[in-house]
Amino acid sequence: MRFPQAFRQFSIVCRLCRIGFAVGILILGTFGLSHCHAAQPPITALTLSADQTTLVAGSQLGVHVISWPELERTPVRDVGFSQIHDLKFSPDGKQLLIVGGAAGEYGEWKLVSWPELEVIATRTSHSDVIYSATWLSDDQFVTGAADNDLIHWRLSGGEGKILRVVHGHSRRVLCVAAIGEQQLLVSAGIDQVLRVWSSEQGVLAEPPLRNLDNHTGAVCDLAVRPGEHAIPHLASASVDKTVRFWQPTIGRLLRFSRLPVEPSSIAWSLDGERLAIGCSDGKLRIVNPNTVENEQTLEGIEGWIFEVTAAVDGSFAVAGASGAIARVLPAKSRK
């Protein structure tokens, strides 16, 4: 692989993987955005509070607390992370899990109270930065990191205890998603393979139950479809410019949607009827999962969208390059 090509792919992966802040800024330049803060690093993690009144974003600066849907910002809270890559509220919405670390050095997570942001528990664990986390229950979660590993954690007495370190990926793990009722976990990343993990006596078991290897590029995001389905559905987004729809518990690829640009983040509408796809051109694409038709292409932000999250009113929050955050309302949700 020639160096320029390798550099380009590294840059793309960095942006998709939410690790190439500085590289991304140099490439993207400075934009005159309505939602842009030109001197700010990109937003690389995003979630909505359970009561849908607050948007929480993460960047190199710290945690951004933003009113929703007004998008009024409060001063950034420095929580001691050099990089934040994922934010996940606990199932009861009272605690916020923050993950990240320092690339090539260590992975770190902190559990903080909500909305006080006071530290409840913290651990430095993986040997490289943590990209993603998912809750399995009120006191258990899994982290996936650049050291290729997954760690299954249990909270006990204000501490995080490792139940198991799970190996299996050959390259960086970028995304994890839990299929709660099935007690299954799906993970994916640079090695292009979705791995489905089962549990034995409440602990993640090795080897993976199955491997789903239809993607031809790094997998940058996973999202479990909401709603009741006899067999769980999951979507995956990849730099191969496809979004694929799966029934991962039986290893079935249902269908896929090909995109004109690379997707970077996906989120289901809360009714599970549409998939929102944040893309490298700053647009949000709304795809019908049953027909894989791209029903709408909506303006999001200028530059890469790194994060998408769904709101109960049918709109989506998108965030990414230069600290930009916007609310996007698909036509069928407009009132």
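Begin by selecting residues 150-156 and 159-166 in this predicted model. These are strands β10 and β11, which pair in the antiparallel sense over seven bridges. Within the pairing, display R154 and locate K161 in β11, its bridge partner. Next, select the two residues that separate the strands: β10 and β11 form a hairpin. G157 lies in this turn and has a positive phi of about 60°.

**The nonpolar core**

Move next to the largest nonpolar core, which has 19 residues. Select C175, V186, A188, L194, V219, L222 and L234, the members that touch the most other members. Four elements give two or more residues to this core: β12 (173-179), β13 (184-189), β14 (194-197) and β18 (219-224). Colouring each of them separately shows where the members come from; β12 gives the most, with four residues. As a general point, nonpolar side chains in soluble globular proteins tend to be buried together.

Centre the view on V186 and show its surroundings. Leaving aside residues up to four places away in sequence, V186 touches C175, V176, A177, I179, L194, R195, V196, L222, L234 and P248. Of these contacts, C175, L194, L222 and L234 also appear among the core members that touch the most others.

**Two cysteines**

Keep C175 selected and add C220. How far is the sulfur of C220 from the closest cysteine sulfur? The distance is 7.0 Å, to C175; because a disulfide requires sulfur atoms within 2.5 Å, this is too far for a bond. C175 is in no disulfide, and the structure as a whole holds zero disulfides.

Are these two side chains buried or exposed? C175 is buried, with a relative accessible area of 2%. C220 also counts as buried, at 1% relative accessibility.

**The four-stranded sheet**

Finally, turn to the open sheet of four strands, whose order is β22-β23-β24-β25 with antiparallel pairing. Select residues 263-268 and 294-299 to mark the edge strands, β22 and β25, each of which pairs on one side only. Looking across the sheet, one can follow a twist that averages 20° from one strand to the next.

To examine one pairing in detail, select β24 (residues 283-287) together with β25. The two strands run antiparallel and are joined by five bridges. Among the residues to label here are I286 and its bridge partner in β25, Q296. In general, strands of a sheet pair through backbone hydrogen bonds, either parallel or antiparallel, so a backbone display is suited to this last view.

Terms used: Residues are numbered from 1 along each chain as its sequence is written. This is a predicted model: local features need pLDDT of at least 70, side-chain atom pairs count only at pLDDT 80 or more; totals for chains, interfaces and linings use all residues. Side-chain values use heavy atoms; hydrogens and water are left out. A nonpolar core is a set of buried Ala, Val, Leu, Ile, Met, Phe, Trp, Tyr and Cys residues joined through side-chain atoms within 4.5 Å. Buried means under 20% relative accessible area, exposed over 50%, partly exposed in between (1.4 Å probe, protein chains only). Contact means heavy atoms within 4.5 Å. Two strands pair if DSSP finds at least two bridges between them. Axes are lines fitted to C-alpha atoms, for helices over the stretch in contact, and angles run from 0 to 180 degrees between N-to-C directions.
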